[in-house]
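Work through these three exercises on how two chains fit together. Try each task before you read its solution.

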2 protein chains.
Amino acid sequence: MCLLLLYRWYRQSQILENTTDKYVFITGCDSGFGNKLAKQLDNRGMKVLAACLTNTGASELKKECSSRLQTVMLDVADSQSVSSAAKWVTSIVADKGLWGLVNNAGILIPMAPNEWLTRADFRKVLDVNLLGMVDVTINLLPLIRKSQGRIVNVSSIAGRVTLCGGGYCLSKYGVEAFSDSLRRELKPFGVKVSIINPDFFRTSILISEVIKARVTDIWKKTASEPKKCLWGKVLSTILWIC
Amino acid sequence: MCLLLLYRWYRQSQILENTTDKYVFITGCDSGFGNKLAKQLDNRGMKVLAACLTNTGASELKKECSSRLQTVMLDVADSQSVSSAAKWVTSIVADKGLWGLVNNAGILIPMAPNEWLTRADFRKVLDVNLLGMVDVTINLLPLIRKSQGRIVNVSSIAGRVTLCGGGYCLSKYGVEAFSDSLRRELKPFGVKVSIINPDFFRTSILISEVIKARVTDIWKKTASEPKKCLWGKVLSTILWIC
C-alpha cells in the first residue's frame with residue numbers, strides 16, 4: 001500500500017501543472033516532428049507559437065488546431081527572419097517569458113559522397129541545421145531565462161554516428177556540441193537543455209524520391225574525373241538510399 | 001636471433017621510402033603545428049607546399065627552410081582563395097599527384113558564453129575550421145587519389161568534449177564527422193584519412209592576451225539585459241582562460 005502511494009505520488013510529480021499558461025515556440029512546423037508536436041501540445045491546452053517556412057504549411061496547421069495556436073513565417077537560415085520572429089514572440093509572451101523552445105527545423109539534402117559536393121552545398125545544410133538553431137536560441141534566450149524554461153534541440157542519430165556524406169552529419173555533430181555547451185551555461189539560471197536523437201522515422205525529410213532526384217542532379221553536375229573514379233559508388237549510394 | 005630479424009624487418013617496413021619524391025600540402029603554416037610540421041618535413045627532404053595566411057608568415061618560414069619548400073597565400077574561409085591555391089598545387093605536382101594533405105588551419109576566437117555571441121561570430125569560426133577544411137579537401141581530392149595519398153585533419157580535444165561556448169567546439173565536432181565520412185568513402189581508393197586531437201598545447205591559438213582582449217570586446221558589445229544575468233559568468237570565464 002505504501003509503495004503504491006509512493007508510486008502514485010511520483011507519477012503525479014512528473015505531470016506538468018498549469019500547462020494552459022505556458023508558451024512554447026517550435027520551429028519547422030510545416031511537417032514532420034514539428035507539425036506533430038504543435039498539434040499535440042495545442043491539444044493539451046498549451047499556447048503554441050508555431051514557426052513555419054511556408055504559408056501553405058502554416059494555414060494547414062491552423063486548420064487542424066485550436067485558435068490558441070499562432071503561426072509565424074520563419075526561415076532559420078536568414079538572420080533577419082529569425083530576428084523578426086523573435087520580436088513577434090516577445091510581443092506575444094510579454095513579461096510572462098517563454099516556457100519552451102523546440103529547435104526542430106532541419107534539412108537533409110544536399111546529401112551525396114563528399115567529393116560530389118561543393119562548399120556551398122555544405123554551407124546550405126549548416127546554415128539551417130546548426131547556425132539556424134544557434135541564432136533562434138540566442139535571440140530567444142532572455143525570454144526563456146525569464147520563465148526558467150527549457151530548450152529541446154532536435155539532433156539525430158547522425159549526430160553520434162556519421163552515416164552519410166554532405167553537411168547533415170557535420171551539422172548534427174555541431175548540434176550536440178552546442179547543446180552540451182548551452183546546457184552547462186544555463187544550468188545556474190534554472191533552464192534545462194535537452195536533445196533528441198531520432199533515427200529513421202518516416203518524416204518528409206526522408207522522402208526517397210526527393211533524395212534520389214537531388215543525388216542524380218548532383219551526380220550530373222560532378223566533374224568528369226571524379227565521376228570515373230567514383231562510378232562504383234553510385235550504385236552503393238542508390239542502394240543505401242533505397 | 002629470428003625474433004631480432006623479425007623486429008628489424010618490421011621496423012624497416014614502417015619507414016617511409018622515397019620521401020624526397022613526395023609532395024605534402026599543409027594549411028595554416030604561419031605558426032603553430034603547421035609551421036613546425038612544414039619545417040620538420042622539409043628537414044626530412046620532402047617537397048613541402050606550405051599555405052600561409054600572411055606574407056610575413058610565408059617569408060619567415062621560407063627563411064628557415066630549404067629551397068624545396070614553396071609557399072602560397074591561402075585564406076581557407078574564402079572559396080576563391082582555396083580554388084586558386086588548388087590550381088597552384090596542380091601546376092606544381094602535375095601527374096605525380098599529392099601524397100599528403102594536412103588540414104591544419106584553424107581559429108579559436110570569437111569564444112565566449114554563447115549568449116554573448118551572434119550568428120556571425122559562430123559563422124566566422126565554422127568558415128575557417130570546418131568549411132575551409134571541407135573546401136580544401138574537395139578541391140585537392142583528385143590529386144590525392146592519384147597518388148593514393150593520405151589526409152590528416154587537425155581536430156582537437158574540443159572535437160570530443162565541449163569545453164567552451166562559441167563556434168570552436170561546434171566546428172571541431174564537425175571535423176570529426178567529416179573525417180569519418182571521408183575515411184570510409186576513400187578507403188576503396190587506397191587513401192587514408194586520419195585525425196589528430198591535440199589538447200592544450202602552447203600554440204599561438206592559445207595566446208591568453210588575445211583571447212582576453214576579444215572576450216572583453218564581446219562583453220562590452222553584449223546587450224545590457226543578458227549582461228546583468230550573466231555577470232557571475234564573467235569571472236568564471238576569465239578564470240577558465242587564465
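**Exercise 1: symmetry**

Find how chain A maps onto chain B.

Solution. A turn of 180° and a shift of 0.1 Å along the axis lay chain A on chain B with an RMSD of 0.2 Å (least squares on the C-alpha atoms of residues with pLDDT of at least 70 in both). The two copies are thus related as by a two-fold rotation axis.

This is a predicted model: local features need pLDDT of at least 70, side-chain atom pairs count only at pLDDT 80 or more, and totals for chains, interfaces and linings use all residues. Residues are numbered from 1 along each chain as its sequence is written, chains are lettered from A and ligands numbered from 1 in the order in which they are written, and side-chain values use heavy atoms, without hydrogens and water.

**Exercise 2: the interface**

How many residues does each chain give to the contact, and what area is buried?

Solution. Chain A gives 48 residues and chain B gives 46 (contact: heavy atoms within 4.5 Å). Of the interface residues of chain A, 96% are also interface residues in chain B, so the copies meet through the same surface. Together the chains bury about 3700 Å² (accessible area, 1.4 Å probe, lost on being put together, summed over both). Carbon and sulfur atoms hold 57% of that area.

**Exercise 3: a helix pair**

At roughly what angle do helix 6 of chain A and helix 6 of chain B cross?

Solution. Each helix 6 spans residues 167–186 (a DSSP run of H or I, at least four residues, numbered from the N terminus). Their axes come within 8 Å and cross at roughly 140° (lines fitted to C-alpha atoms over the stretch in contact; angles run from 0 to 180 degrees between N-to-C directions). Residues that meet there include A:Y173 and A:F178 from chain A, and B:Y173 and B:F178 from chain B.

Note on methods:
Helices (H or I, at least four residues) and strands (E, at least two) are DSSP runs, numbered from the N terminus. Buried area is the accessible area (1.4 Å probe) that two parts lose on being put together, summed over both.
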